[in-house]
Amino acid sequence: MRLSPRARAAWLRCLTDPRVVTGGLLILSIATLGLLAPWIAPHDPQEQDLLATLMPPAWAVGGEARFPFGTDTLGRCIASRLLYGARIALYVSVTAATGAMLLGTLLAILAAYFGGWVDWLISRAVDVWMAFPPVVLALILLVGMGAGVNKVILAIILIDWTRFCRVIRSEALVVMVRDYIAAARLAGFGHRQIMLKEMLPAMIPLVITMMSIEMGIAVIVEAIMSFVGLSVEPDVPAWGVMIADARQTMHQAPWGVILPVGAIFLTVLGFNLLGDGLRRALDARLVLSRAVATP
Amino acid sequence: MTLTARGLTVSATLGGKRIDVLRDLDFAIAPGKVLGLVGESGAGKSMIGRVLARSLPPGFSVTSGRLDFLRPDGESRDLVTVPGPELSRLLGDRIAFIPQEPLTALNPLMTIEAQFGEHLERLGLPASRRRARIVEALAEVRLPAPETLLERFPFQLSGGQCQRVLIAMAFASEPALVVADEPTTALDVSTQATIVQIMRRLQREHVTSLLFITHDLRLAARVCDDILVLYAGEVVERGPARAVSQAPRHPYTRALQAANPPLDGPLTRLVTLPDQMPGLAAFANLQGCRFAPRCPTRDAGCAASSPTLREVAPGHFVRCADACSVAAPAAPAVLRRLEAASSGVPVLVVENVAKRFAGKRDWLGRRSAGVDAVKSASLTVRPGEFVGVVGESGSGKSTLARLIMGLETPTGGRVLVDGQDVTQGGRETRAIRLGALQMVFQDPQSALNPRRPVERLVTQTMEAKGSNASEAQRLERARELLRETGLPPELIDRYPSQLSGGQKQRVNIARALCVTPRLLVADEIVSGLDVSVQAQILNLLLDLRAERGVGLVFISHDLAVVRYLCSRMIVMRHGLVVEEGETEAIFAAPKHAYTRALMAAAPPDDLDRPWPPDAAALAAAEG
């Protein structure tokens, strides 16, 4: 694919930004570990060893090498559960963020392009939607739809599309007053062509940045929902479920809580670093102000 | 001498190479004199103001030379090396600045009195006397009813009024030196005349030295005692204003002068220079004379050695090996106006078209008063005819263009293309309109999608629904369009950010030509360009008419440019057409008072004719 100099420069800025590189590597390694879980996990994540419950990690006193991160109350291998939990976390974050992005961006571009009552309707919907506390809204939605990981994804999409919609709409309004939109109209472009070919490409840097941040949010939301038992089935290893299971024995076996919290922390940190780095590398205003400073 | 520069050199490091952005600059301004610094964008003319204020961009520094300022106590200080605190005492007090953008130079959150008072406080004026001093200063710049302005905010004033406030502030401390960087560029012609007049008068009364930085040689000739012409960071010519502007010796100054279409006298085809001034990065690669690659009279020696400034007449210096020996080029052939066919169906008829922008509804649903952008405008364009639309900002001329193109729907009147009514949008009328009419936008920065390469920009119409051109056909068409608009073929896969201003505007024109329209609507398409590039674009438009008979509705605030291009013109003011007719007839005997005022406000070429005109005539134009 031929890259425009602008796109090439953007790529270069991304690849040389320490935040993007650190965040990207974190996410990449977590994703790799999750994908390879069936091969690298020492145990089946559901396999119980009731003779070896609440084992400490291998390096601690009383730890055993066959359970690198120790075991939980039912003697399940924490390392294996963490690896499998990464799959759930990443699956939810990618699908939920994509869904929220698609819905939010579509409505944002429609609102900015048509303006008038379309814009009014969409913007007011966003206002009303955002007035609900997100966790409460998620609980209400899940109670209504029933539990399950796909319901969690749907709930995240239904809640967080507003975030995309609001930010991207304001960016789209900036593009709308550009003369090249008028020029496209004079070139005989239809509404759909203008939105897809002229407006959308200008939104992409922002969309990518927001996606990355949204994925981090989705990881947390999924963990919360698992924790309260509204997400995956209880027998599926998810990080939130692990925390919920381990909290009763937190004082005897703190690693049972610390390790999944650490996994969530690293994943969210990765996504946030990536998002922040991408924002700095791709945001035209930031790039421009720096370019002026260093000619 | 108030300010003396000796061998001043500003350098930047770019890609490891040292580049002289400003090389070996020498000048001197005597008390009460005006020195003009003339140059196109990128010539380095704004660097001097930045050296003075020590606000050079990072990476830029003064590498040699000095800039001596004569303090009131008779001591001379080198502003390049003077300690910071002393410099800040001098700036704003002994040395004042008049900025380019009056509206952004004033704090929008402070009243005029507060801002002016702050400045006077810095100058040490006791609080009790500030108010009276402000009123006095505002009266001095001929602002009507200065007392009523004190409580106003900048956004409640016009650009010209803001600029007058800033001039009053600059002169409030009775400075020895005022630096004005393009002070009138952002203003309308009639406002420009007023501002220049006020600046000149204050400067004479206070015996202040003025450093006048501008891109407009014609204006500089009017305002300045001496002129210094910059090209690519070097002074190419320096001398008395009259000599430099009327009988320039350097080929670049000659080209600048020739690129300006005249306001009176016979019209000749503008002589243009090839290409454009090299960018900063290219300065390092320039061997010998920096102007040589574009010079019409260069010889083998020019590329080898850098010429020095030679005195060709008392006080008149030129940096050219051949400055005296080469005579001014012979006058080019007189431009023959192509008369449009008087018969035939007009391509475009605009009948009493009006546009009212409705006010916003408040929360009770009541509408606030709307704005009449165009009250009533009529216009007829026959095939191949060039019609000018002249007006100042707010006259509704850009809205008229959008109404013609169907980007706005008129609230009254009719628009006919080839005799068919296309006033109301709709699929069919749109097809008729866009097959015959295309628009060239004002600002190529905004009009060219930065994510499209040139090829996909100029052939954008072939991507529209209903057009099923193949990639090969598109490429072929793109090549044709580049050839027609004088763009080198290798630009075909470049992106807008890789093009120069002139090239972008050509791409802009090429795109409009893709559907072979019979009429182009061009909205201020040369106002953002340097004079030499402007001349190239104007000639391109004339060539397009000669080759393909395309007509043009040319919207501009610049009378000289309209006179050069158009055989007929209309003058707009406050959304109304106030005058209409043959260009030459209007220039010879303008009927409407506004047209007369507009013409009086433009500086004439003949330096013996007085300019700026008297205040009464200007008031008529501004009001």
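This passage walks through chain A first and then picks out some spots in chain B. The model is a predicted one.

Chain A is a helical affair, with 12 helices and zero strands. Read from the N terminus, its elements simply go α-α-α-α-α-α-α-α-α-α-α-α. The C-alpha trace of this chain spans about 75 × 50 × 30 Å along its principal axes. Chain A has 295 residues, and 48% of them count as buried. As for how the chain meets itself, take the contacts between residues at least 6 apart in sequence: 69% of these join residues at least 24 apart. On the outside, chain A exposes about 14300 Å², and 72% of that comes from carbon and sulfur atoms. Chain A also carries 23 positive and 19 negative charges, and the mean positions of the two sets sit 12 Å apart.

For a closer look inside chain A, A:Thr162 is a handy place to start. This residue belongs to helix α7, which covers residues 149-176. A:Thr162 has a relative accessibility of 3%, so it counts as buried. Setting aside neighbours within four places in sequence, A:Thr162 is in contact with A:Val126, A:Trp129 and A:Met130. A:Cys165 is buried as well, its relative accessible area being 2%.

Cysteines lead over to chain B. Over all chains, the structure holds zero disulfides. B:Cys295, for one, is in no disulfide: the nearest cysteine sulfur belongs to B:Cys320 and is 5.8 Å away, whereas a disulfide would need the two sulfur atoms within 2.5 Å. B:Cys295 itself counts as buried, because its relative accessibility is 9% and the limit for buried is under 20%.

On a broader scale, the domain assignment of chain B gives two entries. Domain 1 takes in 104-172, while domain 2 is made of 348-359 + 368-589. Taken over C-alpha atoms, the centres of domain 1 and domain 2 of chain B are 41 Å apart.

B:Arg94 is found in the loop of chain B that runs between α2 (84-90) and β6 (95-98). Despite the charged side chain one might look for outside, B:Arg94 is buried, with a relative accessible area of 17%. Apart from neighbours within four places in sequence, the contacts of B:Arg94 include B:Phe69 and B:Pro72, along with a run of B:Ser173, B:Glu174, B:Pro175, B:Ala176 and B:Leu177. B:Ala354, by comparison, is 260 residues away from B:Arg94 in sequence and 52 Å away in space, C-alpha to C-alpha.

Two loop residues of chain B call for a word on backbone angles. Most residues other than glycine have a negative phi. B:Ala232 is not a glycine, yet its phi is positive, at about 50°. This alanine sits in the loop between β9 (226-231) and β10 (234-240) of chain B. With a relative accessibility of 0%, B:Ala232 counts as buried. B:Asp418 also has a positive phi, near 50°, and is likewise a residue other than glycine. The loop that holds B:Asp418 lies between β16 (412-417) and β17 (420-421) of chain B. At 26% relative accessibility, B:Asp418 counts as partly exposed.

Definitions and conventions
Residues are numbered from 1 along each chain as its sequence is written. Chains are lettered from A and ligands numbered from 1 in the order in which they are written. This is a predicted model: local features need pLDDT of at least 70, side-chain atom pairs count only at pLDDT 80 or more; totals for chains, interfaces and linings use all residues. Side-chain values use heavy atoms; hydrogens and water are left out. Buried means under 20% relative accessible area, exposed over 50%, partly exposed in between (1.4 Å probe, protein chains only). Helices (H or I, at least four residues) and strands (E, at least two) are DSSP runs, numbered from the N terminus. Contact means heavy atoms within 4.5 Å. Accessible areas come from the Shrake-Rupley method with a 1.4 Å probe; for residues, only the protein chains shown count as cover. Lys and Arg count as positive and Asp and Glu as negative; His and the chain ends are not counted. The place of a charge is taken as NZ of Lys, CZ of Arg, CG of Asp or CD of Glu. Domain bounds come from an automatic or database domain assignment.
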